[in-house]
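Good morning, and thank you for coming. Please look at the sequence and the structure on the screen while I take you through a few selected places.

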Amino acid sequence: DRLIIGGDLNDGDWAVNGNIVVGGNRFGPTRYLTNGNVFRNVRPVTFDASGNVPNDGSGTSFDSLHDDLLATSATLGACADRGVVQKDASLPYQADFVGNDPEFNIFNVSSTQWSRSSSSINITAPSGSTVVINIHGPSVAITNCGMLLNGVDLEHVIYNYVDATELRTTNFAHLGSVLAPQAIAHFVAGSIDGCAV
(Lines give C-alpha, C1' and ligand atoms only; values in the text may rest on other atoms or scores of the structure.)
Protein backbone atom coordinates (compact mmCIF):
# COMPACT_ATOMS: atom_id res chain seq x y z
CA ASP A 1 0.00 0.00 0.00
CA ARG A 2 1.54 3.30 -1.12
CA LEU A 3 -1.14 5.98 -0.76
CA ILE A 4 -3.15 5.57 2.43
CA ILE A 5 -5.81 8.10 3.40
CA GLY A 6 -7.93 7.83 6.52
CA GLY A 7 -10.66 10.17 5.25
CA ASP A 8 -11.82 11.36 1.84
CA LEU A 9 -9.57 11.56 -1.23
CA ASN A 10 -9.98 14.42 -3.70
CA ASP A 11 -8.11 12.59 -6.45
CA GLY A 12 -6.45 13.86 -9.62
CA ASP A 13 -4.54 12.72 -12.70
CA TRP A 14 -1.26 11.73 -11.07
CA ALA A 15 0.55 8.43 -10.74
CA VAL A 16 0.78 6.24 -7.67
CA ASN A 17 3.26 3.38 -7.85
CA GLY A 18 1.39 1.03 -5.55
CA ASN A 19 -1.97 0.27 -3.96
CA ILE A 20 -4.35 3.02 -2.87
CA VAL A 21 -6.38 2.69 0.34
CA VAL A 22 -9.07 5.21 1.31
CA GLY A 23 -11.07 5.22 4.53
CA GLY A 24 -13.68 7.69 3.27
CA ASN A 25 -15.01 8.58 -0.16
CA ARG A 26 -13.01 9.12 -3.34
CA PHE A 27 -13.81 12.07 -5.61
CA GLY A 28 -12.19 12.77 -8.97
CA PRO A 29 -11.59 11.43 -12.46
CA THR A 30 -11.56 7.73 -13.27
CA ARG A 31 -8.34 6.19 -12.04
CA TYR A 32 -6.75 3.44 -14.14
CA LEU A 33 -4.46 1.26 -12.04
CA THR A 34 -1.57 -0.62 -13.65
CA ASN A 35 1.01 -3.24 -12.68
CA GLY A 36 -1.45 -5.20 -10.52
CA ASN A 37 -2.07 -2.27 -8.17
CA VAL A 38 -5.47 -2.08 -6.48
CA PHE A 39 -7.80 0.54 -5.00
CA ARG A 40 -9.45 -0.44 -1.69
CA ASN A 41 -11.97 1.27 0.54
CA VAL A 42 -11.35 0.10 4.12
CA ARG A 43 -12.99 1.30 7.35
CA PRO A 44 -11.37 1.84 9.75
CA VAL A 45 -7.91 2.42 8.27
CA THR A 46 -5.28 0.81 10.50
CA PHE A 47 -1.71 -0.36 9.90
CA ASP A 48 -0.06 -3.73 10.38
CA ALA A 49 3.62 -4.24 11.24
CA SER A 50 4.63 -4.05 7.55
CA GLY A 51 2.91 -0.67 7.11
CA ASN A 52 0.07 -2.05 5.01
CA VAL A 53 -3.65 -1.74 5.73
CA PRO A 54 -5.39 -4.93 6.89
CA ASN A 55 -8.97 -5.41 5.68
CA ASP A 56 -10.27 -6.37 9.13
CA GLY A 57 -9.42 -3.17 11.06
CA SER A 58 -6.76 -4.83 13.19
CA GLY A 59 -3.53 -2.93 13.65
CA THR A 60 -2.48 0.53 14.78
CA SER A 61 -4.79 3.50 14.26
CA PHE A 62 -3.98 6.79 12.50
CA ASP A 63 -4.48 8.63 15.81
CA SER A 64 -1.96 6.45 17.62
CA LEU A 65 0.59 6.81 14.82
CA HIS A 66 -0.05 10.55 14.64
CA ASP A 67 0.63 10.94 18.37
CA ASP A 68 3.89 8.96 18.01
CA LEU A 69 4.97 11.04 15.01
CA LEU A 70 4.18 14.33 16.76
CA ALA A 71 6.41 13.20 19.64
CA THR A 72 9.16 12.09 17.22
CA SER A 73 9.04 15.40 15.35
CA ALA A 74 9.21 17.38 18.60
CA THR A 75 12.10 15.25 19.91
CA LEU A 76 14.10 15.70 16.69
CA GLY A 77 13.20 19.40 16.63
CA ALA A 78 14.62 19.88 20.13
CA CYS A 79 18.04 18.54 19.07
CA ALA A 80 20.86 21.06 18.75
CA ASP A 81 22.94 21.39 15.60
CA ARG A 82 25.38 18.52 15.22
CA GLY A 83 28.23 17.99 12.79
CA VAL A 84 27.65 21.39 11.21
CA VAL A 85 30.58 22.74 9.20
CA GLN A 86 28.52 25.18 7.14
CA LYS A 87 24.92 26.36 7.40
CA ASP A 88 24.35 29.25 5.04
CA ALA A 89 20.86 30.16 3.84
CA SER A 90 21.59 33.88 3.58
CA LEU A 91 21.85 34.06 -0.21
CA PRO A 92 18.55 34.25 -2.10
CA TYR A 93 19.76 31.94 -4.89
CA GLN A 94 21.55 29.24 -2.88
CA ALA A 95 21.53 27.53 0.51
CA ASP A 96 24.43 25.31 1.63
CA PHE A 97 24.36 22.78 4.46
CA VAL A 98 27.60 20.88 5.13
CA GLY A 99 28.02 18.33 7.91
CA ASN A 100 31.00 16.18 8.80
CA ASP A 101 29.70 13.79 11.48
CA PRO A 102 30.06 10.23 10.14
CA GLU A 103 26.82 9.13 11.85
CA PHE A 104 24.34 11.95 12.50
CA ASN A 105 24.17 15.54 11.20
CA ILE A 106 21.49 17.98 12.40
CA PHE A 107 20.77 21.42 10.95
CA ASN A 108 18.23 23.81 12.52
CA VAL A 109 16.82 26.55 10.28
CA SER A 110 13.86 28.88 10.38
CA SER A 111 10.96 28.54 7.97
CA THR A 112 11.93 31.96 6.61
CA GLN A 113 15.44 30.71 5.78
CA TRP A 114 14.11 27.48 4.24
CA SER A 115 11.41 29.21 2.15
CA ARG A 116 12.83 30.28 -1.19
CA SER A 117 12.18 30.79 -4.87
CA SER A 118 14.38 30.08 -7.94
CA SER A 119 17.17 28.80 -5.73
CA SER A 120 19.23 25.69 -5.06
CA ILE A 121 19.61 23.81 -1.80
CA ASN A 122 22.84 21.82 -1.43
CA ILE A 123 23.30 19.26 1.36
CA THR A 124 26.69 17.62 1.92
CA ALA A 125 27.43 14.95 4.52
CA PRO A 126 29.48 11.74 4.74
CA SER A 127 28.18 8.68 2.92
CA GLY A 128 26.22 6.44 5.29
CA SER A 129 25.46 9.26 7.73
CA THR A 130 21.97 10.49 8.56
CA VAL A 131 20.95 14.12 7.99
CA VAL A 132 18.05 15.83 9.77
CA ILE A 133 17.01 19.30 8.65
CA ASN A 134 14.77 20.78 11.38
CA ILE A 135 12.66 23.60 9.93
CA HIS A 136 11.14 25.79 12.67
CA GLY A 137 8.21 28.10 11.94
CA PRO A 138 4.54 28.05 10.98
CA SER A 139 4.65 28.34 7.19
CA VAL A 140 6.98 27.26 4.37
CA ALA A 141 6.82 28.09 0.65
CA ILE A 142 9.32 26.74 -1.89
CA THR A 143 8.96 27.54 -5.60
CA ASN A 144 11.08 26.54 -8.62
CA CYS A 145 14.01 25.27 -6.57
CA GLY A 146 16.47 22.45 -7.05
CA MET A 147 18.14 20.24 -4.49
CA LEU A 148 21.47 18.42 -4.60
CA LEU A 149 22.78 15.79 -2.18
CA ASN A 150 26.53 15.24 -1.94
CA GLY A 151 27.86 12.14 -0.17
CA VAL A 152 24.68 11.35 1.75
CA ASP A 153 21.89 9.50 -0.08
CA LEU A 154 18.18 10.33 -0.01
CA GLU A 155 17.38 7.27 2.13
CA HIS A 156 19.28 8.97 4.98
CA VAL A 157 17.81 12.49 4.83
CA ILE A 158 14.69 13.74 6.65
CA TYR A 159 13.12 17.19 6.50
CA ASN A 160 11.37 17.73 9.82
CA TYR A 161 8.84 20.58 9.62
CA VAL A 162 8.69 20.79 13.40
CA ASP A 163 5.77 23.19 13.92
CA ALA A 164 4.66 24.01 10.38
CA THR A 165 0.92 24.27 9.86
CA GLU A 166 1.22 25.04 6.14
CA LEU A 167 3.70 23.62 3.62
CA ARG A 168 3.56 24.77 -0.03
CA THR A 169 5.90 23.63 -2.80
CA THR A 170 5.82 24.17 -6.56
CA ASN A 171 8.33 22.56 -8.92
CA PHE A 172 10.39 21.20 -6.05
CA ALA A 173 11.62 17.70 -5.19
CA HIS A 174 12.36 16.83 -1.56
CA LEU A 175 15.33 14.45 -1.87
CA GLY A 176 14.55 12.38 1.21
CA SER A 177 11.64 11.96 3.59
CA VAL A 178 9.28 14.62 4.91
CA LEU A 179 7.90 14.73 8.45
CA ALA A 180 5.25 17.45 8.83
CA PRO A 181 2.65 15.99 11.21
CA GLN A 182 0.84 19.30 11.88
CA ALA A 183 0.86 20.74 8.36
CA ILE A 184 -1.64 21.10 5.59
CA ALA A 185 0.43 20.39 2.49
CA HIS A 186 0.03 21.75 -1.05
CA PHE A 187 2.43 20.11 -3.53
CA VAL A 188 2.37 21.09 -7.22
CA ALA A 189 4.60 19.63 -9.94
CA GLY A 190 7.24 18.11 -7.68
CA SER A 191 7.98 15.00 -5.67
CA ILE A 192 8.96 13.57 -2.33
CA ASP A 193 11.62 10.96 -3.01
CA GLY A 194 11.15 9.17 0.29
CA CYS A 195 8.40 8.74 2.90
CA ALA A 196 5.93 11.53 3.54
CA VAL A 197 4.07 12.08 6.80
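Asn-108, leaving aside residues up to four places away in sequence, touches Gly-77, Cys-79, Ala-80, Asp-81, Lys-87, Asn-134 and His-136. Please keep in mind that what you see is a predicted model. Asn-108 belongs to strand E10. Is Asn-108 buried or exposed? Its relative accessibility is 16%, and because buried means under 20%, Asn-108 counts as buried. One contact deserves a separate mention: the side chain of Asn-108 reaches the backbone oxygen of Cys-79 at 3.0 Å.

A comparable description can be given for Thr-46, which is placed in strand E6, residues 46-47. Thr-46 has a relative accessibility of 5% and therefore counts as buried. Its side chain reaches the backbone oxygen of Gly-57 at 3.4 Å. Beyond its neighbours within four places in sequence, Thr-46 is in contact with several residues, among them Asn-52, Val-53, Pro-54 and Thr-60.

I turn now to the aromatic residues. How many aromatic pairs does the structure hold? There are four. In general, a pair of aromatic rings is described by the distance of the centres and the angle of the planes. For the pair of Phe-97 and Phe-107, the centres are 5.6 Å apart and the planes stand at 75 degrees, an edge-to-face arrangement. Phe-97 lies in strand E9, residues 94-99, and Phe-107 in strand E10, residues 104-110, so this pair ties together parts that are ten residues apart in sequence. Phe-97, at 1% relative accessibility, counts as buried, and Phe-107, at 0%, counts as buried as well.

Phe-97 also forms a pair with Trp-114, and this one is tilted, with 5.8 Å centre to centre and 50 degrees between the planes. Here the pair links distant parts of the chain: Phe-97 is in strand E9, whereas Trp-114 is in helix H2, residues 111-114, 17 residues apart. Trp-114 has a relative accessibility of 1% and counts as buried. Which residues make up the aromatic cluster? Phe-97, Phe-107, Trp-114 and Tyr-159 form one cluster.

This brings us to the nonpolar cores. In soluble globular proteins, nonpolar side chains tend to be buried together. In this model, the largest nonpolar core has 27 residues, and those with the most contacts inside it are Phe-97, Trp-114, Ile-123, Ile-133, Tyr-159 and Tyr-161. The elements giving two or more residues to this core are E9, E10, E12 (120-125), E13 (130-136), E14 (139-143), E15 (146-151) and E16 (157-161), every one of them a strand. Take Tyr-161 as an example: leaving aside its neighbours within four places in sequence, its contacts include Ser-73, Trp-114, Ile-135, Val-140, Leu-167 and His-174. A second core, separate from the largest, has six residues, including Leu-3, Ile-5, Leu-9 and Val-22.

Next, the largest pocket. Its volume is about 2000 Å³. Of the 47 residues lining this pocket, Arg-2, Leu-3, Ile-4, Ala-196 and Val-197 are the closest to its centre. Among the elements that each supply at least two residues of the lining are strand E1 (3-5), helix H1 (62-77) and strand E20 (184-188).

Leu-3 appears once more when we consider Trp-14. Not counting residues up to four places away in sequence, Trp-14 touches Leu-3 and Arg-31. Trp-14 lies in the loop between E2 and strand E3, residues 20-22. With a relative accessibility of 39%, Trp-14 counts as partly exposed. The C-alpha atoms of Trp-14 and Ser-110 are separated by 31 Å, and these two residues are 96 residues apart along the chain.

I shall close with some details of the backbone. Which peptide bond is cis? The bond from Arg-43 to Pro-44 is cis, with omega near -5 degrees. Pro-44 lies in the loop between strand E5, residues 39-41, and E6. Please look also at Ser-118, where phi is near 50 degrees, a positive value in a residue other than glycine. Ser-118 is placed in the loop between strand E11, residues 116-117, and E12. Asn-144 likewise has a positive phi, near 50 degrees, and is located in the loop between E14 and E15. The relative accessible area of Asn-144 is 39%, and Asn-144 is therefore partly exposed.

Terms used:
Residues are numbered from 1 along each chain as its sequence is written. This is a predicted model: local features need pLDDT of at least 70, side-chain atom pairs count only at pLDDT 80 or more; totals for chains, interfaces and linings use all residues. Side-chain values use heavy atoms; hydrogens and water are left out. Helices (H or I, at least four residues) and strands (E, at least two) are DSSP runs, numbered from the N terminus. Buried means under 20% relative accessible area, exposed over 50%, partly exposed in between (1.4 Å probe, protein chains only). A polar contact is a pair of N or O atoms within 3.5 Å; within protein, one must be able to donate a hydrogen and the other to accept it, and residues adjacent in sequence count only if both atoms are side-chain atoms. Contact means heavy atoms within 4.5 Å. Rings of Phe, Tyr and Trp (its six-membered ring) pair if their centres lie within 6.5 Å; planes under 30 degrees apart count as stacked, over 60 as edge-to-face and the rest as tilted. A nonpolar core is a set of buried Ala, Val, Leu, Ile, Met, Phe, Trp, Tyr and Cys residues joined through side-chain atoms within 4.5 Å. On a 1 Å grid over the protein atoms alone, a cavity is a set of points where a 1.4 Å probe fits but cannot get out, and a pocket is an open set with protein on both sides within 12 Å along at least five of seven lines; lining residues have an atom within 4 Å of a point. Grid points are joined across faces, edges and corners, and a volume is the space filled by probe spheres set on the points.
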